[in-house]
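Have your viewer ready and the selection tool to hand. We will go from stop to stop, choosing something to select each time and saying what is there.

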Amino acid sequence: MFLGCRPLARQASDTYVGAMPPATAPSRDVMHRLLDGLQTLIREHLALARVELKQDLRTMGRDLATGAAGLPPLAAGFLLLMFAIASLLSLWIPAWAAFGIVALVNLAAGGAITWSGSRSIARDRIEMPCAAEIRRDREWMAALKHEARGNSASARATGSLSQPGSRPDVTPQ
């Protein structure tokens, strides 16, 4: 003791490093636990994505139903307005021509709006980068499993040859 100071750790087990158990797990078990943890993580991510998708679809359905509730009165009002415009035009031209012109204008406007909306949807399509990442993770895990199986099989085959007094099974031809 130096001037009344106590040592920080009286024995090795009082420190964090000294309290850690010795590393006894073989690397194969560690790899197996790591792969299990990775698989669990991916499963939980997929389950969370399903739950979020269900919630988003419910919300979208509710919003769509609320928006669709106003369509019948809107359609009726639009039809009456178009009928009034066609009736007004029929004062100067025959009625069949007035209604035909109003119908053609509506068809052209509806077609243009539909075409514009479909182009906008196609342009704003959301790419899912995580789908490619999940596919790469699956390929990586499959490669690890294949590699682990190949290494364990080759280790058994070479392990039997490396024992003293053993030799390969050779049969005369």
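Begin by selecting helix α2, which gives six residues to the lining of the second largest pocket, the most of any contributor. Keep in mind throughout that you are looking at a predicted model. Now add helix α5, residues 129–162: α2 and α5 are the elements that each give two or more residues to this lining. The pocket has twelve lining residues in total. To centre your view, pick His45, Leu46, Ala49, Cys130 and Ile134, the lining residues that lie nearest the middle of the pocket. The space inside comes to about 350 Å³.

Stay with helix α2, which covers residues 27–68, and select glutamine 39 within it. Is glutamine 39 buried or exposed? Its relative accessibility is 18%, so glutamine 39 counts as buried, the cut-off being under 20%. Show the surroundings of glutamine 39 and, setting aside residues up to four places away in sequence, you will find that it touches Met141 and Lys145.

Next, go to helix α5 and select arginine 135 and glutamate 139. These two sit four residues apart, about one turn of the helix. What do their side chains form where they meet? They form a salt bridge, with a distance of 3.3 Å from N to O. Side chains of opposite charge can pair when their charged atoms come close. The structure holds one salt bridge, so there is no second one to hunt for. Colour the pair by accessibility and arginine 135 comes out as partly exposed, with a relative accessible area of 44%. Glutamate 139 is partly exposed too, at 48%.

Now move to helix α3, residues 71–89, and select leucine 89. Leucine 89 is partly exposed, with a relative accessible area of 29%. Which residues does leucine 89 contact, once neighbours within four places in sequence are left aside? They are Ala98 and Val102. While you are here, draw a distance from leucine 89 to phenylalanine 99: the two are ten residues apart in sequence, and their C-alpha atoms are 8.2 Å apart in space.

For the next stop, select Leu88, Leu91, Trp92, Ile93, Ile101 and Val105 together and switch on the surface. These residues form a nonpolar patch, with about 650 Å² of accessible area together. Pick out valine 105 from the group; it lies in helix α4, residues 95–123. Valine 105 is exposed, with a relative accessible area of 53%.

Finally, clear the selection and show the whole protein chain as a cartoon. How many helices and strands does the protein chain have? There are five helices and zero strands, and reading along the sequence gives the pattern α-α-α-α-α. Colour by burial next: of the 173 residues in the protein chain, 6% count as buried. With the surface on, the protein chain exposes about 15,400 Å², and carbon and sulfur atoms supply 66% of that area. If you also display contacts, keep those between residues at least 6 apart in sequence; among them, 37% join residues at least 24 apart.

Conventions: Residues numbered from 1 in each chain as written. Predicted model: local features only at pLDDT ≥ 70, side-chain atom pairs only at ≥ 80, totals over all residues. Heavy atoms only, no water. Patch = residues over 30% accessible without salt bridge, like charges linked within 9 Å, V, L, I, M, F, W, Y side chains within 5 Å. Areas by Shrake-Rupley, 256 points an atom, 1.4 Å probe, with all protein chains shown as cover. Salt bridge = Lys/Arg side-chain N within 4 Å of Asp/Glu carboxyl O. Buried < 20%, exposed > 50% of the residue type's maximum accessible area, 1.4 Å probe, protein only. Contact = heavy atoms within 4.5 Å. 1 Å grid on protein atoms, 1.4 Å probe; cavity = no way out; pocket = protein on both sides within 12 Å on 5 of 7 lines; lining within 4 Å. Points joined across faces, edges and corners; volume = space filled by probe spheres on them.
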